[in-house]
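Student: I'd like a close look at one part of this model, the sheet, plus a few loop residues around the strands. Could you walk me through it in one go?

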Amino acid sequence: DVINGGTGVNTFSQSTALVGAFAGVTNFQTLELAAAMTQDISKFTGTTFTEVDLNFAGAFTVSGLANGTAIHGLTGSTITAATHLTPSSTDTLTIGGLTAAGSTLTAVTVNDTDTLTINAGHVTAGNTLAISSLNAIDVDSIVISGTQKTTVTVAADGAATGFGNTAERTISVDASGASDTVTFNENAASAQKISYTGSSSA
């Protein structure tokens with residue numbers, strides 16, 4: 001089978017995971033996962049997705065990500081793990097919301113990401129994007145931008161939770177690109193140092 005999205009910006013939607021490599025999907029930019037699943041997006045060998053939309057209030061594991069991929073979630077979505085196709089010390093990922101009226105992601109685990117961007121995604125100005133439990137043990141830089149209100153709560157540090165329990169490091173949180181309020185709830189017991197840059201609103 002061949003499914004060609006053609007010109008423009010196109011969305012390919014699936015409700016069950018693709019297991020084997022498949023080259024028949026071409027010219028799509030967004031992958032919509034319409035049910036909870038584990039999906040290696042590199043199995044789609046005929047196209048490169050730049051956005052993954054989690055259109056279901058459930059748990060997702062997404063792997064095979066290219067640098068700069070954006071993942072957008074509904075309220076109740078959980079990113080159990082999001083990992084890159086070729087892990088390195090410069091992995092980047094963007095997290096945002098999927099609903100214009102606001103999205104609260106239950107938990108986000110992005111443990112091989114070094115630079116994490118948090119922005120509106122599809123959340124419109126003045127509405128809220130919230131991450132209730134963030135795990136990012138490799139992260140060195142978090143960039144928060146957009147016109148949405150943003151609330152991020154970091155999980156307690158552990159081997160695979162929070163900001164990790166390895167040697168102390170400094171993590172940059174830069175909200176200078178945010179035009180509405182930003183609340184960043186750091187775990188008080190964390191061994192990591194946090195360097196904050198705010199804006200007139202954050």
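Student: What is the order of the nine strands in the open sheet, and is the pairing parallel or antiparallel?

Tutor: Bear in mind that this is a predicted model. The open sheet runs E2-E4-E6-E8-E10-E13-E15-E17-E19, and its nine strands pair in the parallel sense. At the edges stand strand E2 (11-14) and strand E19 (193-197); each has a single partner strand, so one side of each is left without a neighbour in the sheet. From one strand to the next, the twist averages 20°. As general background, strands of a sheet pair through backbone hydrogen bonds, either parallel or antiparallel.

For one pairing in detail, take strand E10 (residues 92-97), which pairs with E13 in the parallel sense over five bridges. One residue pair to click on is Leu93 with its bridge partner in E13, Leu116.

Now step off E13 to the loop that precedes it. Asp112 sits between strand E12 (107-109) and strand E13 (115-121). Asp112 is buried yet makes no salt bridge, and the nearest side chain of opposite charge, that of Arg169, is 12 Å away. What Asp112 does have is a side-chain polar contact with His84, at 3.0 Å. Setting aside residues within four places in sequence, the contacts of Asp112 are Ala82, Thr83, His84, Pro87, Asp91 and Asp138. Two of the residues on that list, Asp91 and Asp138, are aspartates like Asp112 itself.

Next comes Gln148, in the loop between strand E15 (141-146) and strand E16 (149-154). Its relative accessibility is 1%, so with the cut-off for buried at under 20%, Gln148 counts as buried. The side chain of Gln148 reaches the backbone oxygen of Ser145 at 2.9 Å, and a side-chain polar contact of 2.9 Å links Gln148 to Thr150. Beyond four places in sequence, the residues in contact with Gln148 include Ile118, Asn119 and Ala120, which fall within the span of E13 (115-121). Also among the contacts of Gln148 are Val123, Thr124, Leu129, Asp180 and Thr181.

One last loop, with a backbone oddity. Most residues other than glycine have a negative phi. Asn27 has a positive phi of about 60° although it is not a glycine. Asn27 lies in the loop between strand E3 (25-26) and strand E4 (30-33), and E4 is one of the strands in the sheet order above. With a relative accessible area of 36%, Asn27 is partly exposed, whereas Gln148 is buried.

Methods: Residues numbered from 1 in each chain as written. Predicted model: local features only at pLDDT ≥ 70, side-chain atom pairs only at ≥ 80, totals over all residues. Heavy atoms only, no water. Helix = DSSP H or I, 4+ residues; strand = E, 2+ residues; numbered from the N terminus. Buried < 20%, exposed > 50% of the residue type's maximum accessible area, 1.4 Å probe, protein only. Lys, Arg positive; Asp, Glu negative; His and termini not counted. Salt bridge = Lys/Arg side-chain N within 4 Å of Asp/Glu carboxyl O. Polar contact = N/O pair within 3.5 Å; in protein donor to acceptor, adjacent residues only side chain to side chain. Contact = heavy atoms within 4.5 Å. Pairing = 2+ DSSP bridges. Axes fitted to C-alpha atoms, helices over the stretch in contact; angles between N-to-C directions.
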